[in-house]
Amino acid sequence: MLLNQFLILGAVLFAIGVYGVLARRNGVMVLMSIELMLNAVNINLVAFGVQHGVVSGQVFAVFVIAVAAAEVGVGLAIVLLLYRNRRSINVEDFDLMRG
Amino acid sequence: MVAQNIFFGVIAAIVVVSALRMVTTRNIVHAALYLVAVLAGLGALYILLTAEFVATTQVLVYIGAVMVLFLFGIMLTKAPLGGVMEMTGAQWPIAAVVSLLIGGVTVYSLMARFGSDRLTSDGPIFRTADVSDEVFSTYIVPFEAVSVLLLAALIGAIVLARKD
């Protein structure tokens, strides 16, 4: 197998995640797209770990998974709070700081 | 090696198609289920890369815990289940251009740098014991930091979502 197979798959997934974050209007969908981007990074970490014969890649992938779990917990709590206060999770409604 | 390439092709096709459907579908519950397909495919790719512990963690944490959180989030925010709320904003062409640029530049530079590098197939295979040895020796400080971070995130989520 080529190293590039995994790296290019990660790049494609990351680009799809960027599209999801920028184009989606639903707050929960934006968080899901961020998960997609974090997973794209994990593929690269594990693939480079195998390429260099070190275990650090897997360790960092596990750390990224843990941080992603924390991020989802706080992010969904924020979305829930926004929904409770504004009765909407459309991210285009939250433009109070627009100049 | 041929079998590995065939499996990689099949899994990668499933993952990319599911990811594309996830960011384009109009039903948010379908999007969550497409995300499950993406995460499961990535777990299979970790097995292909001989990273068994990462694959197990992927299934336990992502498909188990994170997806339940997402489904609860969808349920509690009462997102419209049909195509009632248009899920994609009017800015989607710009978003598509930006993501195509990012993806194109990244793939181009990867091709230029790692064009035909082969994955070393005779390298060491790291089992769960090796990963835990590394975590609890070299990376003990980051590990403790992550524990504190998870605790802080847990408390923060409860404080934010609590009804006063």
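These questions and answers concern the contacts between chains A and B and between the two domains of chain B in a predicted model.

In this predicted model local features need pLDDT of at least 70 and side-chain atom pairs count only at pLDDT 80 or more, while totals for chains, interfaces and linings use all residues. Residues are numbered from 1 along each chain as its sequence is written, chains are lettered from A and ligands numbered from 1 in the order in which they are written, and side-chain values use heavy atoms, with hydrogens and water left out.

Me: How many residues of chain B are in contact with chain A?
Reply: Contact here means heavy atoms within 4.5 Å. By that rule, 69 residues of chain A meet a partner set in chain B that numbers 84 residues.

Me: What area do chain A and chain B bury between them?
Reply: Buried area is the accessible area (1.4 Å probe) that two parts lose on being put together, summed over both. Of the area between these chains, 75% is on carbon and sulfur atoms. A:Met1, A:Tyr19 and A:Arg24 supply 12% of what chain A buries against chain B, more than any other three residues. The total for chain A and chain B is about 7,000 Å².

Me: Which helix gives the largest share of the side of chain A that touches chain B?
Reply: Helices are DSSP runs (H or I, at least four residues), numbered from the N terminus. Helix H1 (3–23), helix H2 (27–52) and helix H3 (56–86) of chain A each supply at least two residues of that side. The largest share, 24 residues, comes from H3(A).

Me: Where are the two domains of chain B divided, and how many Å apart do their C-alpha centres lie?
Reply: The bounds come from an automatic or database domain assignment. Domain 1 of chain B covers 2–80 + 91–126, and domain 2 of chain B covers 127–164. Their C-alpha centres are separated by 23 Å.

Me: Which residues supply 82% of the area that domain 1 of chain B buries against domain 2 of chain B?
Reply: Together the two domains of chain B bury about 460 Å², with 60% of it on carbon and sulfur atoms. On the domain 1 side, the three residues that supply 82%, more than any other three, are B:Glu52, B:Phe53 and B:Phe126.

Me: Which side chains meet in a salt bridge at 3.8 Å, N to O?
Reply: A salt bridge is a side-chain nitrogen of Lys or Arg within 4 Å of a carboxyl oxygen of Asp or Glu. The rule finds zero salt bridges across the interface of chain A and chain B, whereas it finds one across the interface of domain 1 of chain B and domain 2 of chain B. The side chains that meet at 3.8 Å are those of B:Arg127 and B:Glu52.
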